[in-house]
Amino acid sequence: MDEQDEHTDVHTDVGAYALGLLEEDDRRAFEAHLAGCAACRAELAGLAGVADALRDVRDERTGPGR
Ligand SMILES: [Zn+2]
């Protein structure tokens, strides 16, 4: 039972999760972790703004052209 190690690992997934880069399994595991981890929720809240900004950039590039 290496839950302690896995927990450390899953903390580092917050960035990838915010960007939607996690595999289904990892995403589910992270969401389960998120429910009990205030630190990751706080970090995710901060990263959500970054992810939105990145999405806006991408939309501008690939969005309806002029
Ligand atoms: Zn965490």
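**A nonpolar core within a four-helix chain**

The largest nonpolar core of this chain is made up of six residues, namely Val10, Val14, Tyr17, Ala18, Phe30 and Cys40. Helix α2, which covers residues 14-18, makes the greatest contribution to this core, supplying three residues. In soluble globular proteins, nonpolar side chains tend to be buried together. The coordinates belong to a predicted model, and the confidence of that prediction should be kept in mind throughout: the mean pLDDT of the chain is 82, and 82% of the residues score at least 70. Among the elements, helix α1 (residues 3-11) has the lowest mean pLDDT, at 63, whereas α3 has the highest, at 94.

The secondary structure consists of four helices and zero strands, and reading along the sequence gives the pattern α-α-α-α. Of the 66 residues in the chain, 9% count as buried. A UniProt record (an unreviewed entry) places the feature "domain: Putative zinc-finger" at residues 9-41. In the model, this span is 73% helix and 0% strand, and its end C-alpha atoms lie 15 Å apart.

Helix α2 is a useful place to begin a closer look. Tyr17, one of the core residues, touches Leu22, Arg27, Phe30 and Leu44 when residues up to four places away in sequence are not counted. Ala16 also lies in helix α2, and with 15 C-beta neighbours inside 10 Å it counts as partly exposed, because a residue is buried only if 20 or more other C-beta atoms lie within that distance, and exposed if 12 or fewer do. Leaving aside neighbours within four places in sequence, Ala16 is in contact with Leu21 and Leu22. The C-alpha atoms of Ala16 and Arg27, which are eleven residues apart along the chain, are separated by 9.1 Å.

Helix α3 takes up residues 24-35, and its twelve residues should span 16 Å at 1.5 Å a residue; the end C-alpha atoms are 17 Å apart, which agrees with that expectation. The number of buried residues among the twelve of α3 is one, so this helix lies largely in the open. Ala29, which is found in helix α3, is partly exposed, with 17 other C-beta atoms within 10 Å. Although Ala29 and Val10 are 19 residues apart along the chain, their C-alpha atoms are separated by 7.8 Å, and Val10 is itself among the members of the core described at the start.

Helix α4 covers residues 38-62. With 25 residues, α4 reaches 35 Å from its first C-alpha to its last, which is close to the 36 Å expected at 1.5 Å a residue, and there is a bend of about 30 degrees at Leu47. How many of the 25 residues of α4 are buried? The number is one, so α4, too, lies largely in the open. Leu54 in this helix has 12 C-beta neighbours inside 10 Å and therefore counts as exposed, since 12 or fewer is the limit for that class. Leu54 and Leu19 are 35 residues apart in sequence, while their C-alpha atoms are 8.7 Å apart in space.

Taken together, the chain has four helices and zero strands, with 9% of its residues counted as buried and with a core of six residues to which helix α2 gives the most.

Terms used: Residues numbered from 1 in each chain as written. Predicted model: local features only at pLDDT ≥ 70, side-chain atom pairs only at ≥ 80, totals over all residues. Helix = DSSP H or I, 4+ residues; strand = E, 2+ residues; numbered from the N terminus. Expected span 1.5 Å × (residues − 1). Core = buried A, V, L, I, M, F, W, Y, C linked by C-beta atoms within 7 Å. Contact = placed C-beta atoms within 7 Å. UniProt positions renumbered as here; feature names shortened; annotations may be inferred. pLDDT = per-residue confidence, 0-100. Bend = angle between axes of the 7 residues up to and from the residue.
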